[in-house]
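The following exercises are to be worked with the sequence and the structure at hand. Each task is followed by a solution in steps.

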Amino acid sequence: MKRLIPIDIETNLNRIPLLSGFFNAVSKLTLFVLRFFKEALKPPYEFSELAKQSYQVGNRSFALIAITAFIMGLVLTIQSRPVLAEFGATSWLPSMVAVSIVREIGPVITAVIFAGKVGSGIGAELASMKVTEQIDAMEVSGINPFKYVVVTRVIATTLMLPVLVAFADAVALYGSYFGANLKEVVSFHLFFSEVFGKLDFSDVFPAFIKTFFFGFSIGIISCYTGYNAGNGTEGVGKAANAAVVFGSLLVFLVDMIAVQITSLFT
Amino acid sequence: MKKETGNKIGLGIFVSVGLALFIVGIYFIGQRQQLFRNTFQLSAIFKDVSGLQPGNNVRFSGINVGVVSNITQITDTSVRVDMQIDEHTRRFIKKDARANIGSDGLMGNKLVVIAPGTDNQSIVKDNDFIATVSPINMDDVIAKLKTMGDNASNITSDLAVITKNIRNGKGTVGMLFTDTVFARNLGVTVVNVKQGAQGFNRNMNAASKSFLLRGLLKKKDKDDKKDEKKDEKKTNN
């Protein structure tokens with residue numbers, strides 16, 4: 001049987017290096033994701049390494065995320081205030097800020113910063129392990145490097161990002177309370193009863209669920225770029241850079257899909 | 001090894017506090033929706049719910065006491081609204097309480113306002129229905145405003161005709177304003193009336209001094225004074 005059409009597509013694609021490179025990367029990434037699930041479900045499980053990685057990506061990112069979240073809440077409140085004051089609706093400030101933080105800004109900004117800090121770290125770490133042939137050494141000594149290095153890191157980012165987002169939301173709301181009190185006096189109790197008065201489960205749960213996907217996307221893309229890094233020190237830099245760029249991009253793509261799905265049900 | 005244990009404890013604290021924050025948030029949101037409280041159901045049937053939605057608040061005496069749990073269309077002119085209301089407020093809601101649809105401020109959400117019933121009525125039961133007051137329909141208000149506007153325009157056009165007539169000296173009032181002869185005659189009449197009244201006064205004074213009428217007038221004065229005293233007593237009592 002003649003295989004005219006597939007060969008044609010392949011040869012034509014090879015003439016456009018950018019496009020063929022893209023499809024090549026997509027297929028490799030898909031295989032990488034499939035391999036992740038295969039390895040993640042198969043015992044033995046590396047719980048100790050998972051705990052270590054979770055500490056690295058969770059606890060170590062807390063300070064950065066908390067500071068950013070506080071400023072985010074504060075700035076959002078100060079910036080929204082004049083617009084609401086025009087309508088004489090400054091009493092709506094807490095609820096408006098709460099909805100925007102919990103639904104969108106909290107998860108997305110946290111994920112982007114997480115991609116910047118953790119994604120680049122994982123990308124660079126895995127790339128240097130690859131370049132210095134540590135991954136090959138693991139294989140020789142009977143340890144499954146994919147399971148030990150990739151699976152633990154991806155699970156750690158997937159599980160830790162939602163926790164960080166919970167912290168970020170809380171700190172951002174506190175920052176917003178602080179911001180509201182710069183111009184007027186609002187009691188803590190009144191502010192937070194306004195906040196929880198407006199929030200609904202349909203605001204919290206979709207936002208919380210999408211953070212798992214953000215975490216997974218950042219973890220898998222960082223590991224992929226690191227694990228497939230080119231040779232030499234240049235490869236390490238490229239891998240770290242690609243991890244941040246594609247990690248952040250993927251966060252926004254996942255967010256777009258998540259918003260579409262959420263709006264279908266609400 | 002020590003460092004690793006410390007890290008694990010740090011991780012444990014981190015995750016626990018994060019989850020606790022999440023759960024506290026969920027609890028506060030749930031509390032608003034009366035999820036973790038004892039509630040009972042009240043229903044009411046409205047003609048028009050004016051955009052009320054499940055999840056909107058229910059107010060009684062200005063306090064949020066529950067939420068709208070369900071809205072279902074029964075017939076083409078009736079909509080059933082089910083409300084979950086805090087058990088603690090049940091003893092204040094009487095059988096003849098009335099539900100109305102209001103709104104929270106000018107731009108705020110719709111809400112159900114329950115007006116309290118009378119004291120001698122019994123307390124509502126679970127799954128009871130209460131009477132409703134039809135909400136004010138903006139279309140009706142606009143229609144009424146239109147009639148008012150039409151009437152106002154009729155009145156102003158009549159007024160315009162009247163003022164025009166006055167200015168042109170038509171009619172009695174117009175003549176008063178514009179006709180100088182009429183005005184002078186009116187002035188002369190007033191002077192005549194004044195003079196007549198003075199003459200009458202003089203005559204009455206003379207009459208009161210004549211012996212024929214003196215007795216009669218004195219008696220009349222006494223009667224008047226008595227009546228005055230009676231009135232004073234009445235007002236004091």
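**Exercise 1. Determine in which sense strands β1 and β4 of chain B pair, and over how many bridges.**

Solution. The coordinates belong to a predicted model. Step 1: locate strand β1 at residues 39-46 of chain B and strand β4 at residues 78-86 of chain B. Step 2: establish the sense of pairing. Strands of a sheet pair through backbone hydrogen bonds, in either a parallel or an antiparallel manner. For β1(B) and β4(B) the sense is antiparallel, and the pairing extends over 8 bridges. Step 3: confirm with a single pair; B:Phe46 has B:Val79 of β4(B) opposite.

**Exercise 2. Describe how strand β3 of chain B is joined to β4(B).**

Solution. Step 1: strand β3 covers residues 63-75 of chain B, and its pairing with β4(B) is antiparallel, with 8 bridges. Step 2: one position to inspect is B:Val68, which faces B:Met83 in β4(B). Step 3: examine the connection; the two strands β3(B) and β4(B) make a hairpin, with 2 residues between them.

**Exercise 3. State the order in which the strands of chain B close into a barrel.**

Solution. Step 1: count the elements. Chain B contains 5 helices and 7 strands, arranged along the sequence as α-β-β-β-β-β-β-β-α-α-α-α. Step 2: follow the pairings around the barrel. The 7 strands close in the order β1-β4-β3-β2-β6-β5-β7 (chain B), with mixed pairing. From one strand to the next, the twist averages 40°. Step 3: find a parallel pair. Strand β5 (residues 98-103) of chain B and strand β7 (residues 128-132) of chain B run in the parallel sense over 2 bridges. Within β7(B), B:Ala131 is the bridge partner of B:Arg98.

**Exercise 4. Decide whether B:Thr132 counts as buried or exposed.**

Solution. Step 1: place the residue; B:Thr132 is part of strand β7 of chain B. Step 2: apply the neighbour count. A residue is buried if 20 or more other C-beta atoms lie within 10 Å of its own. B:Thr132 has 20 C-beta neighbours inside 10 Å and therefore counts as buried. Step 3: list its contacts beyond four places in sequence: B:Ala44, B:Ile45, B:Phe46, B:Arg98, B:Ala99 and B:Asn100. Step 4: set this against chain B as a whole, where buried residues account for 14% of the 237 residues.

**Exercise 5. Check the length of helix α2 of chain A against the expected span.**

Solution. Step 1: helix α2 occupies residues 17-41 of chain A, a total of 25 residues. Step 2: the expected span is 1.5 Å times one less than the number of residues. For α2(A) this gives 36 Å, and because the end C-alpha atoms are 36 Å apart, the two values agree. Step 3: assess its cover; α2(A) is hardly covered, with 1 buried residue among its 25.

**Exercise 6. Characterise the packing of helices α4 and α6 of chain A.**

Solution. Step 1: α4 (residues 93-131) of chain A packs against α6(A) at an angle of about 145°, the axes being 7 Å apart. Step 2: the crossing of α4(A) and α6(A) is right-handed. Step 3: by class, their contact comprises 21 nonpolar, 4 polar and 2 charged residues.

**Exercise 7. Which element of chain A gives the most residues to the side that touches chain B?**

Solution. Step 1: 17 residues of chain A are in contact with 16 residues of chain B. Step 2: the elements of chain A giving two or more residues to this side are α3 (47-87), α6 (145-183), α7 (188-198) and α8 (201-227). Step 3: α3(A) gives the most, with 7 residues. Step 4: this side of chain A has 11 nonpolar, 4 polar and 2 charged residues.

Key. Residues numbered from 1 in each chain as written. Chains lettered and ligands numbered in written order. Predicted model: local features only at pLDDT ≥ 70, side-chain atom pairs only at ≥ 80, totals over all residues. Contact = placed C-beta atoms within 7 Å. Helix = DSSP H or I, 4+ residues; strand = E, 2+ residues; numbered from the N terminus. Nonpolar A, V, L, I, M, F, W, Y, C, P; charged D, E, K, R; others polar. Pairing = 2+ DSSP bridges. Axes fitted to C-alpha atoms, helices over the stretch in contact; angles between N-to-C directions. Buried ≥ 20, exposed ≤ 12 C-beta atoms within 10 Å, placed from the backbone. Left-handed = near helix turned anticlockwise from the far one by under 90°.
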